[in-house]
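Trainee: I should like to learn how to read a structure of this kind, feature by feature. May we begin with a helix and proceed from there?

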Amino acid sequence: MSLPARLLLLQVLAPLVAILFGAVVASGILLAIDRDPLAVYGQMLRFTLTRADSLASIFFKATPLILAGLAAALAFRASLWNIGVEGQYYVGAILAAYVGFAVRGLPGVVHLPLAVLAGAAGGAAWAFLPIALRLRRGAHEVITTIMMNYIAAALVLYLLEPGLLRDPAQAGTPRVRTPEVLPGARLPSLRPLLDLVGLQIPGYSSLNGMLVVGLLLCVLFALVLRRTTFGFEVRAVAANPQAAEAAGIPLGRVLFTMFLLSGAVAGLVGLSDTLGFFGYFDIDFPKGYGFLGISVALLARNHPVGVIPAALLLAFLDRGAQGVQVFAGVPREVITIMQGVIILAIVVAYELLTRYLRALRKREAARAEPARPPLPAPGEGRRAGEAAGGGTP
Amino acid sequence: MDTGPPVIELRRITKRFPGVVANDRVDLAVHAGEIHALVGENGAGKSTLMKILYGLYLPDEGEVVVRGRPVRLESPRQALRLGIGMVHQHFMLIPRFTVTENVILGAEPVRRGDRLALREAEAAVAAIARRYGFAIDPRALVADLSVGEQQRVEIIKVLYRGAEVLILDEPTAVLAPQEVEDLFENLRRLRAQGKTIIFISHRLEEVLAIADRVTVLRRGAVVGTVRAAETTRAQLAEMMVGRPVLLAVERRETAPGPVRLHAEGLWALDGRGLPRVRDVTFEVRAGEIYALAGVEGNGQSELVEALVGLRPIARGRLRIDGRDVTHAGPRAIRLLGVAHIPEDRHRRGLVLPMEVRENLVLGHHTRPEFTRGPLLRQAAVDRFAADRVRAYDVRVPSLATPALALSGGNQQKVVVAREFAFDPQVLVAAQPTRGLDIGATEFVQQQLMEAKARGMAVLLVSVSLDEVFSLADRIGVLFHGEVVGEFRRGEVTPQELGLYMTGAKRQVPA
């Protein structure tokens, strides 16, 4: 088999082996609680993959995870540790909700994009302080973004005070939330679109346009990193900032841009829920996407497109856990353990793969070296010099 | 001296690492009371062999025989018990301890009641120093010692532990010429007292000056063992490389042109705000090589960074082609035609995980021929990279090979090929041949000479006096961040330059 084909095969196999390993570990637990692992897995697969509502649910659950994973991956790709996706999506979500209910009189084609952009702006704004502190003062972004998460949590609570963003119509009820966003700012359901291609999903599914936005952003950022000059600079800065600096790449500007982009994508994480499902931001708004996003990025090895299957895997396991809990009476923690083991196993598998690859490359290079005479004769050296003097690419 | 019985014998030693055979059936016999040099290019397997002898690696095959008895060396401690000691290239000393405290560290003598017998230890250290003629004060703080003296402490450390066989790993790499002389004097004293010394080096003159016998390694295998008195530099070099080698670059004489690089009273600070470059003034003209010699750590790194825009200039003025670039950043300076071969190619020169073609275009990637709007033109990059690889004979399996897979010599070729592209006018080359084997060194030095012949202004910063003397048209000496002397080619001998390098002499500022 040719080398590239073998590498591709290995890269596909590594996560599959890791998933299998997670399943084996979970089997041990299932056996310990007197369950037949094969029966449980069979039930889980049937429940998740043969029912349209399950599939819709998986994709709906995956939507914020894709965006959170992408946000984390973008920062990690620049060797920046944005642990603040959690806080950034809170700020983005409440800001989008505000634009959704407070800005009136706009047509939907303007209002919805405006609300979505507000979410991105909120996330980017929340990322600004940590990266500015890092570049100006050297404060480590891990610390500052974690702090910013707490501040964001407190900030949204404050904003939900009566007289600020709390819905006055809910006064006297225990509901603490913003007013509903206007219909023009609601994210469209994907149901009509799927109907069109003949896929039937249940009417109560909240699968919405944010999924499409997430998928497009993943592809877009993969292209930016691979094909553009900016992407080249990002990769160089991430792998060796000192060499990048010596080559004249503006380090600070690259890091700043990537961090703000990460924050802006993070600002979109909560919009599937705010603008596509609840229609408001409330005190019980879903938490934890930011941290799940770190897992997703880890599974995807920070590859923007890899984020998609990684997020789907987590969403699949989550839905599967619901299934086995209801229909097989197996505690969902078993699946949670499996999830953790899979993440660990994938990280280990990738590390082994990277090392193997490195050794392979070295062997290849070592073979290439003695293939020609050890040195150019003096005359050849001169020719090399002249070629350099020409300086034409 | 090689008539005595071998004190150390390595028989058919083979050591494999994933993808390489570091030592391939190596036989080596070292006799008591000789200085045995081990030479070879980087990656020839010298260090691996010595690590086996010092108990850091176990051989896959073959055996180590010490004084006629086969032994299995599993740790440095065990090696020391058999009288084998290693003097490391990078000193392992605690600066705030005294000489004696450093020597006894890890083997502290104690009196009754577990009290440290410091006075006895001092006496013992003084006795060793006297016996072997080491000029050193046992109570001096290591922080106050010169590099040469610190090395003596390292040697005493090994002697204190009862070593009969001393392995010295590239001991002269950090020394000024006078210090090398002192070291050799010490080594001769040690030999006279019956100690055995294994001397690892790739500086051939030194090997010929000090060793009794020389064993040459190439690609993990022994090429041969010769008596130093019966061989020449050229022969050793040929054995190391496997083909005849030019030992000196052919000089090209050119008439210097206008001043390209002009530093005037430059000051630069280190990370703690202490001045590391003090009032440095010099100029480099088109078509000349200006070398800055000096012992490592005398401000060279900081000066180079200041010149290429990577370190702020605290005071003074820097001009390139008459243009003031005192406060310019690396990109602006690059765009004025300044190329930079950094002293540490892994840290500053290459992005190791990235592909060879990406490394070749690094810094040039914003040129219009490589971009279309925001996109990088991959095809143009590939063409450029293929051209560079061919012109500079970089040996790579493909342009997509990551730089980390290449040998040091090929990595440096990538840097040189990149920096010489697009016709730079000024070259700042910092330690451009450090860590390179003879073949690659020859290549780089030739390139510098070619660059000068084409009219480039070349600043060469080097700790190697050989390199400085074979390439430079003018030589400045850096000591404690100051230029303490400036000479034309032929105005100064290496010995005299050494006095400036160690601060023993300085020219009165005119």
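Trainee: Which elements are included in what covers the buried residues of α12(A)?

Mentor: Please bear in mind that this is a predicted model. The cover of the buried residues of α12(A) includes α3 (52–77), α4 (85–102), α5 (108–137) and α8 (210–227) of chain A. Helix α12 spans residues 271–278 of chain A, and 7 of its 8 residues are buried, so the helix is largely enclosed by the rest of the structure. The buried positions are A:L271, A:S272, A:D273, A:T274, A:L275, A:G276 and A:F278. Just after α12(A), A:G279 adopts a positive phi of about 90°.

Trainee: Is A:P183 buried or exposed, and why?

Mentor: A:P183 counts as exposed because it has 11 C-beta neighbours inside 10 Å, and the cut-off for exposure is 12 or fewer. A:P183 is found in the loop between α6 (141–159) and α7 (191–196) of chain A. Its C-alpha atom is separated by 35 Å from that of A:V326, a residue 143 places away along the chain.

Trainee: Which residues have the most contacts inside the largest nonpolar core?

Mentor: The general idea comes first. In soluble globular proteins, nonpolar side chains tend to be buried together. Here the largest nonpolar core has 261 residues, and those with the most contacts inside it are A:A68, A:L70, A:V296, A:V307 and B:L459. The element that gives the most to this core is α3(A), with 16 residues. Beyond its neighbours within four places in sequence, A:A68 is in contact with nine residues listed here in full: A:V85, A:Y89, A:A266, A:V269, A:Y289, A:G290, A:L292, A:G293 and A:V296.

Trainee: How should a strand be read, and which strands do bridges join to β23(B)?

Mentor: In a regular strand the side chains alternate between the two faces of the sheet. As for the case here, strand β23 (residues 474–479) of chain B has 5 of its 6 residues buried, so it is largely enclosed by the rest of the structure. Strand β15 (residues 288–293) of chain B runs parallel to β23(B), joined to it by 4 bridges. In this pairing, B:L292 stands opposite B:G476. Strand β24 (residues 482–488) of chain B runs antiparallel to β23(B), with 6 bridges between them. There, B:I475 has B:F487 as its bridge partner. The hairpin of β23(B) and β24(B) has 2 residues between the strands, and B:H480 takes a positive phi near 50° in it.

Trainee: How many residues does the contact take from chain B and from chain A?

Mentor: It takes 59 residues from chain B and 42 residues from chain A. On the chain B side, the elements that give two or more residues are α10 (330–335), α11 (345–349), β20 (375–376), α13 (378–391) and α15 (438–453). The largest share, 6 residues, comes from α15(B). By class, this side of chain B divides into 30 nonpolar, 14 polar and 15 charged residues.

Trainee: Where does pLDDT stay under 50 in chain A?

Mentor: It does so over residues 371–393, for which the model has 34 contacts beyond four places in sequence. Among the elements of chain A, helix α16 (residues 378–390) has the lowest mean pLDDT, 36, and helix α11 (residues 251–266) the highest, 97. Chain A averages a pLDDT of 88, and 93% of the residues score at least 70.

Key: Residues are numbered from 1 along each chain as its sequence is written. Chains are lettered from A and ligands numbered from 1 in the order in which they are written. This is a predicted model: local features need pLDDT of at least 70, side-chain atom pairs count only at pLDDT 80 or more; totals for chains, interfaces and linings use all residues. pLDDT is the predictor's confidence in each residue, from 0 to 100. Two residues are in contact if their C-beta atoms, placed from the backbone, lie within 7 Å. Ala, Val, Leu, Ile, Met, Phe, Trp, Tyr, Cys and Pro count as nonpolar, Asp, Glu, Lys and Arg as charged, and the others, Gly among them, as polar. A residue is buried if 20 or more other C-beta atoms lie within 10 Å of its own, exposed if 12 or fewer, and partly exposed in between; C-beta atoms are placed from the backbone. A nonpolar core is a set of buried Ala, Val, Leu, Ile, Met, Phe, Trp, Tyr and Cys residues joined through C-beta atoms within 7 Å. Two strands pair if DSSP finds at least two bridges between them.
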